Amino acid sequence: MSARKGRSRGVKSSERGERLKLRPIGTIRSTIKNRKEAPKQGLEGAPDAWLEVKSFAARGYKGISAGDDLFVVTWLHQGRRDVLRVRPRSDPQRALTGVFATRSPDRPNPLGLHRVTVRAVGKKRLRIGPIEVIDGTPVVDIKPALACEPVS
């Protein structure tokens, strides 16, 4: 029996031929309806939003409480994937810069990383914010934002 038999299809990794797969665990429900309305960063006037958690993942946020700080990883579904250089903050006065040195939503793998605070916890949703993503953005992971000790 092949090692791949029974596995779902994903994106083929170039190194070992393994498949990579992201499965959305939820969706953002926001008052931001398009990219033009979104602030560049959450702390620049972004609203709070609901993170609706899919049924299969709802048990995974047990232990999260109002007041907790989280990192929410999103799939920036309207990001262009063919972009490698951008003008930071869409400012035409700035020099072209590689996307990996920016937080542009346009990048080969449009993952967004958002530090948010939990405002409320519901049965299958979290009120979080501030978050600068548009309504309907898929969420691929949630992680606690832990204080880090400096490395010596």
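A strand, as the word is used here, is a DSSP run of at least two E residues, and strands are numbered from the N terminus. With that in hand, Thr137 can be placed in the loop between β9 and β10. The model is a predicted one, and the exercises below move from the whole chain to single residues.

**Exercise 1. Describe the make-up of the protein chain: how many helices and strands does the chain have, and what share of its residues is buried?**

Solution. Begin with the elements: the protein chain has zero helices and 10 strands, so that its order from the N terminus on reads β-β-β-β-β-β-β-β-β-β. Next, turn to burial, where 34% of the 152 residues count as buried. Then consider the surface, which comes to about 10,500 Å², with 51% of this area belonging to carbon and sulfur atoms. Finally, look at the contacts with a separation of 6 or more, of which 71% are made by residues 24 or more positions apart.

**Exercise 2. Work out which strands form the closed barrel, and how many bridges join β3 to β10, β5 to β8 and β5 to β10.**

Solution. The closed barrel has six strands, in the order β3-β4-β9-β8-β5-β10, and their pairing is antiparallel. Neighbouring strands of this sheet are turned against each other by 45 degrees on average, direction ignored. Strands of a sheet pair through backbone hydrogen bonds, either parallel or antiparallel. Take the pairs in turn: β3 (residues 26-29) and β10 (residues 138-144) are joined by two bridges, and here Gly26 stands opposite Val139. Seven bridges link β5 with β8, whereas five link β5 with β10. Val72 shows both sides of this arrangement, as this residue stands opposite His114 in β8 and has Ile142 as its bridge partner in β10.

**Exercise 3. Find which residues of the largest nonpolar core touch the most other members, and which element gives the largest share.**

Solution. The core holds 20 residues, and those touching the most other members are Ile28, Leu51, Leu126, Ile128, Ile131 and Ile142. Two or more residues each come from β4 (49-53), β5 (69-75), β8 (111-121), β9 (125-129) and β10, and the largest share, three residues, is that of β4. Ile128 may serve as an example: leaving aside neighbours within four places in sequence, its contacts include Ile28, Leu51, Val72, Val116 and Val118. In soluble globular proteins, nonpolar side chains tend to be buried together.

**Exercise 4. Decide for Arg29 and for Thr137 whether the residue is buried, partly exposed or exposed, and then describe the surroundings of each.**

Solution. Arg29 lies in strand β3, and because its relative accessible area is 34%, which falls between the limits of 20% and 50%, Arg29 is partly exposed. Beyond its neighbours within four places in sequence, Arg29 is in contact with Ala49, Trp50, Glu52, Asp135 and Gly136, and a polar contact of 3.3 Å joins its side chain to that of Glu52. The C-alpha atoms of Arg29 and Ile134 are 7.7 Å apart, although 105 residues separate the two along the chain.

Thr137 has a relative accessible area of 1%, which is under 20%, and therefore counts as buried. A polar atom of the Thr137 side chain lies 2.7 Å from the backbone oxygen of Ile134. Not counting residues up to four places away in sequence, Thr137 touches Gly26, Thr27, Ile28, Thr74, Trp75, Leu76 and His77.

Notes:
Residues numbered from 1 in each chain as written. Predicted model: local features only at pLDDT ≥ 70, side-chain atom pairs only at ≥ 80, totals over all residues. Heavy atoms only, no water. Helix = DSSP H or I, 4+ residues; strand = E, 2+ residues; numbered from the N terminus. Buried < 20%, exposed > 50% of the residue type's maximum accessible area, 1.4 Å probe, protein only. Contact = heavy atoms within 4.5 Å. Areas by Shrake-Rupley, 256 points an atom, 1.4 Å probe, with all protein chains shown as cover. Pairing = 2+ DSSP bridges. Axes fitted to C-alpha atoms, helices over the stretch in contact; angles between N-to-C directions. Polar contact = N/O pair within 3.5 Å; in protein donor to acceptor, adjacent residues only side chain to side chain. Core = buried A, V, L, I, M, F, W, Y, C linked by side-chain atoms within 4.5 Å.
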